[in-house]
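Welcome, and please load the model in your viewer. We will go from an overview of the chain to a handful of selections, one stop at a time.

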Amino acid sequence: FSELEWNDAQETLLPGVLSHVVRACLQEPEMPVQVAAIEALGGLLEQEALYPHLIPLLPTLIERILTLANQLDLDSLSLVLERMVECFSAELTPYG
């Protein structure tokens, strides 16, 4: 997603895309689907217009990523987590 150029009409679709990705990450019982959703979330972090939608979900998303990272040794999970910390360092300070 990060390499795509979004026009104004497509940007209206981004919150819906984010909703599906977050739902797959948090509610999907299959671990491969959760991992794919987290990887997709990493790409969506390039879209700053989505940040207001992500901020309330940060604690839950970070917890899910950390849980999966403890179970699996995947660099992609660490990269997404690092990117989230870069993008939301001020919002995550209370949790540090």
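**The whole chain**

Of the 96 residues in the chain, 34% are buried. Keep in mind as you look around that this is a predicted model. Switch to a cartoon view, and you should find seven helices and zero strands, which gives the pattern α-α-α-α-α-α-α along the sequence. Now turn on the surface: the accessible area comes to about 5900 Å², and 53% of that belongs to carbon and sulfur atoms. For a feel of how the fold is connected, take the contacts between residues at least 6 apart in sequence: 65% of them join residues at least 24 apart.

**Stop 1: the nonpolar core**

Hide the surface and select Met-84 and Phe-88. Among the 28 residues of the largest nonpolar core, these two touch the most other members. Colour by helix to see where the core comes from: α2 (14–27), α3 (31–44), α4 (51–54), α5 (58–71) and α6 (75–87) each give two or more residues to it.

Which residues surround Met-84, once its neighbours within four places in sequence are left aside? Show its contacts and you will meet Leu-41, Leu-45, Leu-58, Leu-61, Ile-62, Ile-65 and Leu-92.

Step along to Val-85, which also has its place in helix α6. Val-85 is partly exposed, because its relative accessible area of 42% falls between the limits for buried (under 20%) and exposed (over 50%). Draw a distance from Val-85 to Ile-62: the C-alpha atoms are 9.3 Å apart in space, with the two positions 23 residues apart in sequence.

**Stop 2: the aromatic pair**

Keep Phe-88 and add Tyr-51. There is one aromatic pair in the structure, and Tyr-51 and Phe-88 form it, in a tilted arrangement with 4.8 Å centre to centre and 55° between the planes. Tyr-51 lies in helix α4 and Phe-88 in the loop between α6 and α7 (89–92), so the pair ties together parts of the chain 37 residues apart in sequence. Are these two rings' residues buried or exposed? Both Tyr-51 and Phe-88 are buried.

**Stop 3: the salt bridges**

Next, select Arg-83, Glu-46 and Glu-86 and show their side chains. The structure holds two salt bridges, and these three residues are linked in a network of them.

- Arg-83 with Glu-46: the closest N and O atoms are 3.3 Å apart. This pair links distant parts of the chain, with Arg-83 in helix α6 and Glu-46 in the loop between α3 and α4, 37 residues apart.
- Arg-83 with Glu-86: the side chains meet at 3.3 Å, N to O. Both residues lie in helix α6, three residues apart, about one turn of the helix.

An α-helix has 3.6 residues a turn, so residues three or four places apart point the same way.

Colour the trio by accessibility. Arg-83 is partly exposed at 24% relative accessible area, and Glu-46 is partly exposed at 39%. Glu-86 counts as exposed, because its 56% is over the 50% limit.

**Stop 4: helix α3**

Select residues 31–44, which make up α3. This helix of 14 residues reaches 20 Å from its first C-alpha to its last, close to the 20 Å expected at 1.5 Å a residue. Its buried residues are Gln-34, Val-35, Ala-37, Ile-38, Ala-40, Leu-41, Gly-42, Gly-43 and Leu-44. What covers them? The cover includes α2, α4, α5 and α6.

Pick out Gln-34, which has its place in this helix, α3. Gln-34 counts as buried because its relative accessible area is 9%, under the 20% limit. Not counting residues up to four places away in sequence, Gln-34 touches Ala-24, Cys-25, Glu-28, Pro-29, Arg-64 and Leu-68.

**Last stop: helix α7**

Finish with Glu-91 in helix α7. Glu-91 is partly exposed, at 32% relative accessibility. Its contacts, leaving aside neighbours within four places in sequence, are Ile-55 and Leu-58. For a final distance, join Glu-91 to Pro-56: the two are 35 residues apart in sequence and 9.4 Å apart in space, C-alpha to C-alpha.

Note on methods
Residues are numbered from 1 along each chain as its sequence is written. This is a predicted model: local features need pLDDT of at least 70, side-chain atom pairs count only at pLDDT 80 or more; totals for chains, interfaces and linings use all residues. Side-chain values use heavy atoms; hydrogens and water are left out. A nonpolar core is a set of buried Ala, Val, Leu, Ile, Met, Phe, Trp, Tyr and Cys residues joined through side-chain atoms within 4.5 Å. Buried means under 20% relative accessible area, exposed over 50%, partly exposed in between (1.4 Å probe, protein chains only). Helices (H or I, at least four residues) and strands (E, at least two) are DSSP runs, numbered from the N terminus. Contact means heavy atoms within 4.5 Å. Rings of Phe, Tyr and Trp (its six-membered ring) pair if their centres lie within 6.5 Å; planes under 30 degrees apart count as stacked, over 60 as edge-to-face and the rest as tilted. Accessible areas come from the Shrake-Rupley method with a 1.4 Å probe; for residues, only the protein chains shown count as cover. A salt bridge is a side-chain nitrogen of Lys or Arg within 4 Å of a carboxyl oxygen of Asp or Glu. The expected span of a helix is 1.5 Å times one less than its number of residues.
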